[in-house]
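Let's take a walk through this protein together. Have the sequence and the 3D view at hand as you read.

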Amino acid sequence: KFDGAWRGTFNAADHFKADNFVLCLARTTEFTDVWYTGKYQPNGTARKLKEVRYPTKPLNMPIDLSVKPGMACILLAHADSTFFGSAYNVMWDYACWPHIEGRAIAPTADIVIITLGPEPVKLVGVLGPNWFKLETADHYKGWVKVVDGKVQGYWHVMGYTADDIFDGIIIAG
């Protein structure tokens, strides 16, 4: 029982004030071991707290990351899953061509840049447990999405995981 009521009748919103949000530490290990301030509201399924996704800085700075030599990483200007549809498969495939040197795609409104390894990147933002904002050495910033260790876009086209593209990933157990 919760507050004298069975789970099905317990209303968490009655017990959480402060505009019905709860801020607490959240952790993701989708890309690397990162803690961030999660924002939750008490209206999730089965009376669970539902995470409200918002961009925030990581609370701990992981070990230095880098794009592996010979690998490429598209950074998106916005955390937008539209780019993972089949209409964009050629974009992800193009980013992996071995003859690319330097910046293959200049920054646009949608794609910030293609980072080619070896290049250091720094984790500067988190959006929920799956989106990660990276910054290159020359201060370009953009988002990657990682689900179950798979870098979205690349996974569907090339089968690449985060371990295939990046060095320095730490997954704490």
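Which residue is the bridge partner of Lys39 in β3? The partner is Val52. Keep in mind as you look that this is a predicted model.

That bridge is a good way into the sheet around it. Strand β2 covers residues 34-41, and its pairing with β3 is antiparallel, running over 3 bridges. Step back a little and you will find an open sheet of 3 strands, ordered β1-β2-β3, with antiparallel pairing. The edges are taken by β1 (22-28) and β3 (50-52); each has a single partner strand, so one side of each is left without a neighbour in the sheet. From one strand to the next, the twist averages 55 degrees. As general background, the strands of a sheet pair through backbone hydrogen bonds, in either a parallel or an antiparallel way.

Now zoom out to the whole chain. Its 173 residues include 39% that are buried, and the fold contains 3 helices and 12 strands. If you take the contacts with a separation of 6 or more, 56% of them join residues 24 or more positions apart.

Next, turn to the interior. In soluble globular proteins, nonpolar side chains tend to be buried together. Here the largest nonpolar core has 39 residues, and the ones with the most contacts inside it are Phe31, Ile74, Leu134, Tyr154, Ile165 and Phe166. Strand β6 (residues 72-76) gives the most to this core, contributing 5 residues.

Finally, look at the outside. The accessible surface of the chain comes to about 9,400 Å², and carbon and sulfur atoms account for 54% of that area.

Definitions and conventions: Residues numbered from 1 in each chain as written. Predicted model: local features only at pLDDT ≥ 70, side-chain atom pairs only at ≥ 80, totals over all residues. Heavy atoms only, no water. Pairing = 2+ DSSP bridges. Helix = DSSP H or I, 4+ residues; strand = E, 2+ residues; numbered from the N terminus. Axes fitted to C-alpha atoms, helices over the stretch in contact; angles between N-to-C directions. Core = buried A, V, L, I, M, F, W, Y, C linked by side-chain atoms within 4.5 Å. Buried < 20%, exposed > 50% of the residue type's maximum accessible area, 1.4 Å probe, protein only. Contact = heavy atoms within 4.5 Å. Areas by Shrake-Rupley, 256 points an atom, 1.4 Å probe, with all protein chains shown as cover.
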